[in-house]
Amino acid sequence: MEVINTFMTWIFKNRIGQIEKFKNNPLEVQHEILFKLVHTARGTEFGKKHHFRQISSYKDFNQWVPVHDYESMRPYIQQTMQGQQNVIWPSPIHWFSKSSGTTSSRSKFIPVSPESLEECHFKGGKDMLSLYVTNYPNTKLFTGKSLTIGGSLQTNNLDYNKSSSYGDISAVIMRNLPKWAQLARTPSLDIALMSEWEEKIDKMANETMKENVTSLTGVPTWTLVLINKVIEKTKCDNILEIWPNLEVFFHGAVAFGPYRNLFQKLIPSPEMHYMETYNASEGFFGIQDQIGSDELLLMLDYGIFYEFMPMEDLESENPSIIPLDEVKTGINYAMLISTNAGLWRYKIGDTVKFTSTLPYRLKISGRTKHFINAFGEELIVENAEQAIGNTCKITGADISNFTAAPVYFGDNQEQGTHEWIIEFIQLPRDKDAFVRVLDEELRKVNSDYDAKRYRDMVLKLPIVHFASEGLFEKWLKSKGKLGGQNKVPRLSNNRDYVEEVSKLL
């Protein structure tokens, strides 16, 4: 195994030269990708409609191709799901990534082309390993297996030819991995792709507890569920008694801050590493490339062309949209992508802030629709996660999830407030103190919230419901959304989620 580990480490380190190339020449790489995308898709239904053959500059692209959200792209995606090809992308599309909508119950189906699988998702996974072995050259990662937690797949019944499938992007990726990668992971594919999550977690625990697991890959929430299940079955104190060679958790999908203490308790080793990725249904966008920094390197050579919209223009009829070379650090942008799977100037719903432009590094600041701005407070997910993380440290609490929404002005109510439902693994020592500290921390990280809280003139002290562990899982199960990428929005101007979850309190 040592020979294999040495060989695989050498293989992955060789990619670093290509990463350095786009870091040093970001604008040239992005320019090349834009025109490769346009040229490749010029004969598609979408390309013909939007004059792709006449596009010779970014100005042309900006003029002739409108910005899309999922609803405006849906007719093209629907055609593709029905088995029609060459609609948005010339290569045959037989896979779709399913993700839950954040503002309605309708699911989103994102096309996954052969190019996006190979040149984006697979390449992102390889680069994740390349950056890791470069940062930690003494790694023993390849002496054991990677435990990956993914979703499930099902046949696409809309396809007249019955030749396509859909599921969580993690499941699509796992199903298409090359043989060498399948051999390096656990659990077996039939268990990994099960759709019934309670049975799946149980079987995953039974199988993986017998393996030499050296790395974990997945969403923090489900990874914690699995780790706890293994500990429960083996009656051990921590997971290192089962997987003594575990050295890294590659995580994404949600902010890791609120979960860090939990992982450190379950994996009590100073040698354990945590590496964040920015991988979504629509593409693989960023990887943490520096030790000790949670900034994400924007990966610029994955067949994705990036554009950005300042958040203040989000509701404008004529928003300002800029390419990569015009972004500035510290500004909240909605991210738009054009991809090698046929998404065109597509608003993925995420907001980001650049921390550096040489090279281009960023942090995920929230969602375009996951924020509270009912009273001009402009509270984004980044603020909420930072505040609740600090509050937990101060009050001795550990949480697993939360959601929050505004309580609007109403009859006999002169002030508004925010209503929170927080699921605790460890309750705070003093609940009233927790609420006060949370409010204080929110005021520290968001000046607009602080201004609205001045003397309770606009916003009152938050309302906090202290929920026991398992509440959100129970709610998702009641909606038939347990598992995969389904989750409750952490912040929303819409009170539906808070009201529905609160019924289970």
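**Reading a predicted structure together**

Guide: The largest cavity here encloses about 30 Å³ of space. Keep in mind that this is a predicted model.

Visitor: How many cavities of 30 Å³ or more does the structure hold?

Guide: Let's start with the general idea: rolling a probe the size of a water molecule over the atoms shows where empty space is left. In this structure, one cavity of 30 Å³ or more turns up. Its lining is made by Ile 110, Pro 111, Ser 116, His 121, Ser 281, Glu 282, Thr 339, Asn 340 and Ala 341. Two elements, β2 (107-112) and α7 (114-135), give two or more residues each to that lining.

Visitor: Which classes of residue make up the lining of the largest cavity?

Guide: Five of the lining residues are polar, three are nonpolar and one is charged.

Visitor: And the second largest pocket: how much space lies in it?

Guide: About 1,200 Å³ of space lies there. The pocket is lined by 47 residues, and those closest to its centre are Met 128, Ser 146, Thr 148, Leu 177 and Thr 217. Helix α7 appears again, giving the largest share of this lining with six residues. By class, the lining has 25 nonpolar, 18 polar and four charged residues.

Visitor: Now the rings. How many aromatic pairs does the structure hold?

Guide: A pair of aromatic rings is described by the distance of the centres and the angle of the planes. This structure has 32 aromatic pairs. One of them joins Phe 46 and Phe 52, with 5.9 Å from centre to centre and 75° between the planes, an edge-to-face pair.

Visitor: Are Phe 46 and Phe 52 buried or exposed?

Guide: Phe 46 has a relative accessible area of 0%, so it is buried. Phe 52 comes to 2%, so it counts as buried too.

Visitor: Why is the pair of Tyr 132 and Phe 250 called edge-to-face?

Guide: Look at the angle: the planes stand at 80°, and planes over 60 degrees apart count as edge-to-face. The ring centres lie 5.6 Å apart. This pair links distant parts of the chain, since Tyr 132 is in helix α7 and Phe 250 is in strand β8, 118 residues apart. Tyr 132 is buried at 1%, and Phe 250 is buried at 3%.

Visitor: Where does the charged end of Lys 200 sit?

Guide: That charged end is placed over the ring of Trp 197, 4.2 Å from the ring's centre.

Visitor: Which residues have the most contacts inside the largest nonpolar core?

Guide: In soluble globular proteins, nonpolar side chains tend to be buried together. Here the largest nonpolar core has 69 residues, and the ones with the most contacts inside it are Phe 285, Leu 298, Tyr 306, Phe 308, Trp 344 and Phe 354. Helix α7 gives the most to this core, six residues. A second, separate core has 44 residues, including Ile 191 and Leu 224.

Visitor: Let's finish with the backbone. Which residues does a cis peptide bond join?

Guide: Most residues other than glycine have a negative phi, and most peptide bonds are trans. In this model, Thr 186 and Pro 187 are joined by a cis bond with omega about 5°. Pro 187 belongs to the loop between β6 (185-186) and α10 (189-192). Another cis bond runs from Leu 358 to Pro 359, with omega near 0°.

Visitor: What is the phi of Lys 235?

Guide: Its phi is near 60°, a positive value in a residue other than glycine. Lys 235 is in the loop between α12 (220-234) and β8, and with a relative accessible area of 73% it is exposed.

Key. Residues numbered from 1 in each chain as written. Predicted model: local features only at pLDDT ≥ 70, side-chain atom pairs only at ≥ 80, totals over all residues. Heavy atoms only, no water. 1 Å grid on protein atoms, 1.4 Å probe; cavity = no way out; pocket = protein on both sides within 12 Å on 5 of 7 lines; lining within 4 Å. Points joined across faces, edges and corners; volume = space filled by probe spheres on them. Helix = DSSP H or I, 4+ residues; strand = E, 2+ residues; numbered from the N terminus. Nonpolar A, V, L, I, M, F, W, Y, C, P; charged D, E, K, R; others polar. Phe/Tyr/Trp six-rings, centres within 6.5 Å; stacked < 30°, edge-to-face > 60°. Buried < 20%, exposed > 50% of the residue type's maximum accessible area, 1.4 Å probe, protein only. Lys NZ or Arg CZ within 6 Å of the ring centre and 35° of its normal. Core = buried A, V, L, I, M, F, W, Y, C linked by side-chain atoms within 4.5 Å.
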